[in-house]
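Here are a few exercises to work through with the model open on your screen. Try each task before you read the solution.

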Amino acid sequence: DMEFHATMLNSSGNKLLNSFSQIINQLFHQDDYRKKYWDPATIEQLALEHQSIAEAIQDGDTTLALERLKKHLHYTRKIELDGLRSTLSSSV
């Protein structure tokens, strides 16, 4: 997951975006962040989404790549929100 995101940032050619790779690297090593994603179904889904995004990029299909990226962001946003809800409910 981390390697996919670092590769996407590096390949953008944008120095500002590329600087985020260090931040993402630190984030991916934080236990609180990682445990939200650490189950086989989530790992498999993320890998499939990364692969489908990369394939669209390789095929030069910008529209499809953006559609798949939006789907991926929606899925990860849901994971983040579910993790937040879980944290809030366990602290009450």
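**Exercise 1: a glutamate and its surroundings**

Task: find which side chain makes a polar contact with E49, and work out what else surrounds E49.

Solution. Start with the polar contact: the side chains of E49 and Q45 are joined at 2.7 Å. A polar contact here is a pair of N or O atoms within 3.5 Å; within protein, one must be able to donate a hydrogen and the other to accept it, and residues adjacent in sequence count only if both atoms are side-chain atoms. A word on what you're looking at: this is a predicted model, where local features need pLDDT of at least 70 and side-chain atom pairs count only at pLDDT 80 or more, while totals for chains, interfaces and linings use all residues. Residues are numbered from 1 along each chain as its sequence is written, and side-chain values use heavy atoms, with hydrogens and water left out.

Next, place the residue: E49 sits in helix α4, residues 40-58. Helices (H or I, at least four residues) and strands (E, at least two) are DSSP runs, numbered from the N terminus.

Now check the charge. E49 is buried but has no salt bridge, and K71, the nearest side chain of opposite charge, is 5.4 Å away. Why doesn't that pair count? Because a salt bridge needs a side-chain nitrogen of Lys or Arg within 4 Å of a carboxyl oxygen of Asp or Glu. For charges, Lys and Arg count as positive and Asp and Glu as negative; His and the chain ends are not counted. Buried means under 20% relative accessible area, exposed over 50%, and partly exposed in between (1.4 Å probe, protein chains only).

Last, look further along the chain: beyond four places in sequence, E49 contacts K71, H72 and Y75. Contact means heavy atoms within 4.5 Å.

**Exercise 2: T42 and I79**

Task: decide whether T42 is buried or exposed, then do likewise for I79.

Solution. T42, in helix α4, counts as buried because its relative accessibility is 8%. I79, in helix α5 (residues 62-91), comes out at 11%, so I79 is buried too.

Then see how they meet. The two are 37 residues apart in sequence, with their C-alpha atoms 8.9 Å apart. Setting aside residues up to four places away, T42 is in contact with Y37, Y75 and I79, while I79 touches K36, Y37 and T42.

**Exercise 3: the nonpolar surface**

Task: say which residues form a nonpolar patch on the surface.

Solution. The patch is L16, L17, F20 and I23, with about 380 Å² of accessible area together. Patches use residues with over 30% relative accessible area and no salt bridge; like charges are joined within 9 Å, nonpolar side chains (Val, Leu, Ile, Met, Phe, Trp, Tyr) within 5 Å. Areas come from the Shrake-Rupley method with a 1.4 Å probe, and for residues only the protein chains shown count as cover.

Zoom in on L17, which is in helix α2: its 37% relative accessibility is why L17 counts as partly exposed. N25 lies in helix α2 as well (residues 15-28), and N25 is partly exposed because its value is 34%.

**Exercise 4: the whole chain**

Task: how many helices and strands does the protein chain have?

Solution. Count five helices and zero strands, in the order α-α-α-α-α. Of the 92 residues, 20% count as buried. The chain exposes about 7000 Å², with 57% of that supplied by carbon and sulfur atoms.
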